[in-house]
Amino acid sequence: MPTIVVLVKTVPDTWSTKTLRDDARLDRESVDVIVDEINEFSVEQALRIREDAGKQGTEYQVVALSMGPAHHEEALRKAIAMGADDAVHVSDEALGGSDALGTAFALHSALESIDDVQLIIGGNYSSDGSTGTVPGLVAEFQEIPALTAVHELSVDGDTVSATREDNRGTWQLSANLPALVTVTDKSASPRFPKFKGLRQAKKHEITTVDIAGIGLDADMVGGENATTRVLEHKKRPPRTAGAVIDSGSPEEQARQIADYLAENNLI
């Protein structure tokens, strides 16, 4: 059966005070973790595609995939509660500290163990790292096209189509399957899990694999083998009060604003 894989994860609560550990990695142990909201939009798109395809006589299964510590299981169970058919959790201490490249390669390796993957859906970026690079790297490893930062996603036969909006206009994109897509929060609002779905998610047996189970060695992932390093970090300075222009004629005030924008390379 053709498969839609949704990439999901947990992240520190938006309202938590985020700090870095001594090794410059984000402290995920002393804060509350929640399902990354953008992942719920990704799951919703996968479910809609499965439902639409079913009406046309094509059966898809939706599998949620996550890489990370044990608490990532929460994101997988949320996806199942919403309607995903199955879930795979890649969890191994050797993965700790993996950068975007290592994370993408581990996800790529996990995808290779899932049968007949036709579409991979993820968020356009996670709320913890905010790099937006992992999905594109996964697509490169998979050697498939990537449609990024889109909404209004649909599949017709072996073609996936989507709409992207940016500051230059609206773009209609399409690619042949298999393909990878990342969605924004402008896509359809996620459904609320029903009581039956929550019960099923609680009992569902999630497939958990370590790096050996997806064909990786410890020297291929993890912080010691990362291709990037944080050399220095410091706290963001507190916000200062903005400049107030409240004197002079309207023309003089406009000139002061224009000068300020020019001095800061904003115009």
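Trainee: Asp166 has a relative accessible area of 28%; what does Asp166 count as?
Mentor: This is a predicted model, where local features need pLDDT of at least 70, side-chain atom pairs count only at pLDDT 80 or more, and totals for chains, interfaces and linings use all residues. Residues are numbered from 1 along each chain as its sequence is written, and side-chain values use heavy atoms, with hydrogens and water left out. Buried means under 20% relative accessible area, exposed over 50%, and partly exposed in between (1.4 Å probe, protein chains only). At 28%, Asp166 therefore counts as partly exposed.

Trainee: Which residue meets Asp166 in a salt bridge?
Mentor: A salt bridge needs a side-chain nitrogen of Lys or Arg within 4 Å of a carboxyl oxygen of Asp or Glu. The N to O distance here is 3.4 Å. The partner is exposed, at 66% relative accessibility. That partner is Arg168.

Trainee: Which residues do shared salt-bridge partners join into one network?
Mentor: Part of the network sits in helix α1, where Glu44 and Arg48 lie four residues apart, about one turn. Their closest N and O atoms are 2.8 Å apart. Glu44 is buried at 2%, while Arg48 is partly exposed at 39%. The joined residues are Glu44, Arg48, Glu51 and Arg191.

Trainee: How many salt bridges does the structure hold?
Mentor: Side chains of opposite charge can pair when their charged atoms come close. The pair Asp166 and Arg168 is one case, and Glu44 with Arg48 is another. The total is eight.

Trainee: Glu40 and Lys78 meet in a salt bridge; how many residues apart are they in sequence?
Mentor: The N to O distance in this salt bridge is 3.3 Å. Glu40 is in helix α1 (residues 37-55) and Lys78 in helix α2 (residues 73-82), so the pair ties together parts 38 residues apart. Glu40 is buried at 18%, and Lys78 is partly exposed at 24%. The separation asked for is 38 residues.

Trainee: What is the distance between the end C-alpha atoms of helix α3?
Mentor: Helices (H or I, at least four residues) and strands (E, at least two) are DSSP runs, numbered from the N terminus. The expected span is 1.5 Å times one less than the number of residues. For the 12 residues of α3 (residues 100-111), that gives 16 Å. The model agrees, at 16 Å.

Trainee: How many residues of α3 are buried?
Mentor: The buried set includes Gly102, Ala106 and His108. Their cover includes β1 (3-7), β4 (61-67), β5 (86-90), β6 (117-123) and α4 (134-142), with contact meaning heavy atoms within 4.5 Å. Of the 12 residues, the number buried is nine.

Trainee: Which element gives the largest share of the largest nonpolar core?
Mentor: A nonpolar core is a set of buried Ala, Val, Leu, Ile, Met, Phe, Trp, Tyr and Cys residues joined through side-chain atoms within 4.5 Å. This core has 36 residues, and Val181 is among those that touch the most other members. Elements giving two or more residues include β1, α2 and β10 (179-183). The largest share, seven residues, comes from α1.

Trainee: How many residues are in the other core?
Mentor: It lies apart from the core just described. Its members include Val63, Ile120, Ile144 and Val221. The count is 25.
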